[in-house]
Amino acid sequence: MIHKLSDVHPSAKIGDQVKIGPFTSIAADVEIGEGTWIGPNVTIMDGARIGSNCSIFPGSVISAVPQDLKFEGEKTTVEIGNGTTIRECVTINRGTKAYGKTTLGEDCLIMAYVHIAHDCIIGNHVILVNSVALAGHVEVGHWAIISGLSAVHQFVKIGNHVMVGGGAMVRKDVPPFITAAGDPLTYAGVNSVGLRRRSFQNDAIREIQDIYRILYQSGKNISQALEIVKAEYGQSTVAKEIIAFIDASDRGLIRK
């Protein structure tokens, strides 16, 4: 189901029931899973690994070489999970020798004009709203939502179930389960609405709220507050996730 006006290299690995629209270009070192729809005027370059039942809309460019002056032509990839939708004019660059790949999880929605730079790691069920820009090496956790016109600094980490408000400049790490907004970007509370939609129980949500009261409202610095959290909540699943994220933070956390 390849349109006669598309340009698909004979070495590309195209799955069953894939539809490819006119004026689309697909390079040799490309793999596309079954049932995926590729619209017109899409460019898919060497290194793309696209899952099953994805949708890629017109104007998108997948697996272009990184916009990184250190890139030396090494063989790297972009890996896109099953069921992900990529809307108009999205650009996703492949990795560098640092990580070797840029990864995008399953069932994500990447809206129009989003840019995902080299070596980013995007989880499952992530929504990146129109014109979000991720610099290199950014990590975004599962179920995170980054609202429109936001920009994320290189090497920033955004935790699971985070909601980032529109127009944000994300310069520091954003820990799991919270809402972040404002300029400079600050903690704006627990993402309780999103957590309930994902079947978190009230007890777990209250525990998350208690933990973030200690971290952001106790008057302690992060190190002091984290020791209290470890002592009082360290054995719970949500606390372990928050603690692990903070311990692994390189750029420091957003503040209140």
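Strands, such as the two that flank the loop described in the second legend, are DSSP runs of at least two residues, helices are DSSP runs of at least four, and both are numbered from the N terminus.

**Figure 1. Overview of the chain in the predicted model.** The secondary structure of this predicted chain comprises four helices together with 27 strands. The C-alpha trace spans about 65 × 40 × 30 Å along its principal axes. The radius of gyration is 20 Å, which agrees with the value near 18 Å that a compact globule of 256 residues would have. Of the 256 residues, 50% count as buried, and the accessible surface amounts to about 11,700 Å², with 51% of that area belonging to carbon and sulfur atoms. When contacts between residues at least 6 apart in sequence are considered, 29% of them join residues at least 24 apart. The chain carries 24 positive and 25 negative charges, and the mean positions of these two groups are 5 Å apart.

**Figure 2. Close-up of histidine 118 in the loop between strand E16 and strand E17.** Strand E16 covers residues 115-116 and strand E17 covers residues 121-122, with histidine 118 placed in the loop that runs between them. Histidine 118 has a relative accessible area of 9% and is therefore counted as buried, the cut-off for that class being under 20%. Its side chain makes a polar contact of 3.4 Å with the side chain of aspartate 68, and a polar contact of 2.8 Å with the side chain of aspartate 119. When residues up to four places away in sequence are not counted, the residues that histidine 118 touches include Pro66 and Asp68, the run Asn93, Arg94, Gly95 and Thr96, and also Thr102, Gly136 and His137.

**Figure 3. Close-up of aspartate 68, seen as a partner of histidine 118.** Aspartate 68 lies in the loop between strand E10 (61-64) and strand E11 (77-80). With a relative accessible area of 13%, aspartate 68 falls in the buried class. The polar contact that joins the side chains of aspartate 68 and histidine 118 has a length of 3.4 Å. Once the neighbours within four places in sequence are left aside, aspartate 68 is in contact with Thr96 and His118; Thr96 is also among the residues that histidine 118 touches.

**Figure 4. Close-up of valine 78 in strand E11 and serine 63 in strand E10.** Valine 78 is buried, at 1% relative accessibility, and serine 63 is likewise buried, with a relative accessible area of 1%. Serine 63 has a positive phi of about 75° although this residue is not a glycine. Valine 78 and isoleucine 62 are 16 residues apart in sequence, while their C-alpha atoms are 7.6 Å apart in space. Leaving aside neighbours within four places in sequence, valine 78 is in contact with Gly47, Ala48 and Arg49, with Ile62 and Ser63, and with Ile92, Asn93, Arg94 and Thr102. Among these contacts of valine 78, Asn93, Arg94 and Thr102 are also touched by histidine 118.

**Figure 5. Close-up of valine 229 in helix H3.** Helix H3 consists of residues 222-233, and valine 229 lies within it. Valine 229 counts as buried, because its relative accessibility is 1% and the class takes in values under 20%. Not counting neighbours within four places in sequence, valine 229 is in contact with Ile211, Ile214 and Leu215, as well as with Gly234 and Ile243. Tyrosine 212 stands 17 residues from valine 229 along the chain, and the C-alpha atoms of the two residues are separated by 9.0 Å.

**Figure 6. Two loop sites with notable backbone angles, at cysteine 89 and at the bond between aspartate 183 and proline 184.** Cysteine 89 is placed in the loop between strand E12 (85-86) and strand E13 (91-93), and has a positive phi of about 60° although it is not a glycine. At 29% relative accessibility, cysteine 89 counts as partly exposed, since that class lies between the limits of 20% and 50%. The second site is the peptide bond that joins aspartate 183 and proline 184, which is cis, with omega about 0°. Proline 184 is located in the loop between strand E26 (178-181) and strand E27 (186-190).

Notes:
Residues numbered from 1 in each chain as written. Predicted model: local features only at pLDDT ≥ 70, side-chain atom pairs only at ≥ 80, totals over all residues. Heavy atoms only, no water. Rg over C-alpha atoms; globule rule 2.2 N^0.38 Å. Buried < 20%, exposed > 50% of the residue type's maximum accessible area, 1.4 Å probe, protein only. Contact = heavy atoms within 4.5 Å. Areas by Shrake-Rupley, 256 points an atom, 1.4 Å probe, with all protein chains shown as cover. Lys, Arg positive; Asp, Glu negative; His and termini not counted. Charge placed at Lys NZ, Arg CZ, Asp CG, Glu CD. Polar contact = N/O pair within 3.5 Å; in protein donor to acceptor, adjacent residues only side chain to side chain.
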